[in-house]
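Biologist: I'm new to reading protein models, so could you walk me through this one? Let's put it up and go step by step.

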Amino acid sequence: MRSVRVTLVAATAVALSVALAGPALAAPTGGGHDATREALRAAVKDGVPGVTATAKDAHGAWRATEGVGNLRTGEPRSTADRYRVGSITKTFVATVLLQLEAEGTLSLDDTVDEWLPGTVRGNGHDGRKITLRQLLNHTSGIYNYTADEEFGRTYFLKDGFFEHRYDTKKPAELVAIAMTHKPDFAPGTSWSYSNTNYVLAGMVIEKATGRPYGAEIRDRILRPLHLNATSVPGTRVTVPQPSSRAYSKLAETATGPTYDVTRINPSLAYAAGEMISDSADLNRFYRALLGGKLLPQEQLKAMKTTVAIDGAPNLGYGLGLMDLKLSCGVHVWGHGGGIHGSSSQAVTTPDGRHSLAFNFNGDWAGDSEAVIEAEFCGGR
């Protein structure tokens with residue numbers, strides 16, 4: 001179902017398209033971020049209502065917007081916009097689990113069943129044979145609940161969305177949806193992106209600490225790094241100001257009416273994709289992570305140990321972290337994310353010195369890979 005792929009699974013779809021793309025944009029003459037600016041303009045021309053982006057490198061911070069943040073009023077986007085980051089949440093969740101391992105609270109080689117007895121069971125799923133590491137690198141084989149057709153009709157298509165946009169979903173309910181399907185493969189034998197993996201990871205954090213996973217993210221990452229624009233909303237349906245509106249077609253095609261989908265209960269994504277942030281915070285987070293400020297060397301090395309993905313020779317998936325080799329040979333680490341009306345990317349060079357984060361406030365158009373290629377390969 002395309003609408004589902006465009007939302008919570010967008011992290012993989014976008015990243016795969018980046019990996020498989022050739023040079024996405026020829027660099028215009030001139031230095032600075034000219035190529036990136038042109039890529040942002042191209043995204044708006046392609047149909048994205050508006051884009052906000054921030055890059056950070058040795059020359060300082062560069063911020064830019066294109067298009068509008070509100071189709072009704074024509075108000076432009078802001079470089080300070082907060083937005084739903086979707087599956088970028090996964091890097092935060094993986095970081096907390098790795099911190100807990102470093103502290104001796106758990107091991108990534110523990111089975112899911114050791115922490116969540118009986119939760120992953122049914123139709124061939126068996127949490128006794130799946131490790132926490134396999135959750136984080138998507139080699140568990142657990143079915144992706146957002147690919148369930150009924151879930152898609154209920155939360156991603158127009159009629160279902162407007163009836164159910166404020167529903168609260170409990171994580172155990174999301175896992176239960178996955179358990180009604182067969183696994184994609186036996187644990188450890190292949191790779192397949194599954195939001196269910198990170199719902200379970202969030203549940204493990206809560207079982208291990210006795211606290212909401214969002215509280216652990218706040219205390220361990222957001223507050224120490226002063227990520228004041230970043231939040232774990234839980235069931236809060238609004239996006240804090242400053243922010244723009246978010247838009248979707250709520251259909252399996254990229255045509256037809258455009259709907260304002262800004263207000264939504266993000267519990268349907270939980271630890272797989274509910275967080276809110278802004279571009280500056282995302283850059284700061286990934287720079288700190290890759291710079292060794294959040295994890296000991298052993299855990300950071302584990303996080304950057306990637307699994308190959310069939311059909312994507314330039315992409316590897318680690319523990320909530322992607323390694324992408326661009327057309328010019330530059331490697332960037334990060335993650336992408338999509339949720340209703342919002343498509344985001346945050347990537348950083350291995351040394352943490354050059355980072356880029358941006359958001360489209362529409363989920364049906366725009367060439368994210370062009371923006372990334374332009375920033376890191378477009379010429380200086």
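Modeller: Sure, and keep in mind that this is a predicted model. Let's start with E216 and R211, whose side chains meet in a salt bridge at 2.9 Å, N to O.

Biologist: Is E216 buried, partly exposed or exposed?

Modeller: Look at how much of its surface is open: the relative accessible area of E216 is 6%. Buried means under 20%, so with its 6%, E216 is buried.

Biologist: And its partner R211, is that buried, partly exposed or exposed?

Modeller: Here the relative accessibility is 33%. The middle class runs between the 20% and 50% cut-offs, so R211 counts as partly exposed.

Biologist: Which other residue does R211 meet in a salt bridge, at 2.8 Å?

Modeller: Some background helps: side chains of opposite charge can pair when their charged atoms come close. R211 has such a pairing at 2.8 Å, N to O. That partner is partly exposed, with a relative accessible area of 32%. The residue you're after is D219.

Biologist: Which residues are linked in a network of salt bridges with R211?

Modeller: We've already met E216 and D219 as partners of R211. The network also takes in E103 and two arginines, R220 and R223. So, next to R211, the names are E103, E216, D219, R220 and R223.

Biologist: How many salt bridges does a search of the whole structure find?

Modeller: Another of them joins E38 and R41, with the closest N and O atoms 2.8 Å apart. Those two both sit in helix α3, three residues apart, about one turn of the helix. For the whole structure, the search gives 18.

Biologist: Helix α3 and α14 pack together; are they roughly parallel or antiparallel?

Modeller: Their axes are 7 Å apart and the angle is about 170°. At the contact, A35, T36, A39 and L40 of α3 meet A370, V371, A374 and E375 of α14; by class that's six nonpolar, one polar and one charged residues. Angles over 145 degrees count as roughly antiparallel, so α3 and α14 are roughly antiparallel.

Biologist: How many residues apart in sequence are the parts tied together by the disulfide of C328 and C377?

Modeller: The sulfur atoms of C328 and C377 are 2.0 Å apart. C328 lies in the loop between β11 and β12, while C377 is in helix α14. So the pair ties together parts whose separation in sequence, in residues, is 49.

Technical notes: Residues numbered from 1 in each chain as written. Predicted model: local features only at pLDDT ≥ 70, side-chain atom pairs only at ≥ 80, totals over all residues. Heavy atoms only, no water. Disulfide = S-S within 2.5 Å. Helix = DSSP H or I, 4+ residues; strand = E, 2+ residues; numbered from the N terminus. Axes fitted to C-alpha atoms, helices over the stretch in contact; angles between N-to-C directions. Parallel < 35°, antiparallel > 145°, perpendicular 65-115°, else oblique. Contact = heavy atoms within 4.5 Å. Nonpolar A, V, L, I, M, F, W, Y, C, P; charged D, E, K, R; others polar. Salt bridge = Lys/Arg side-chain N within 4 Å of Asp/Glu carboxyl O. Buried < 20%, exposed > 50% of the residue type's maximum accessible area, 1.4 Å probe, protein only.
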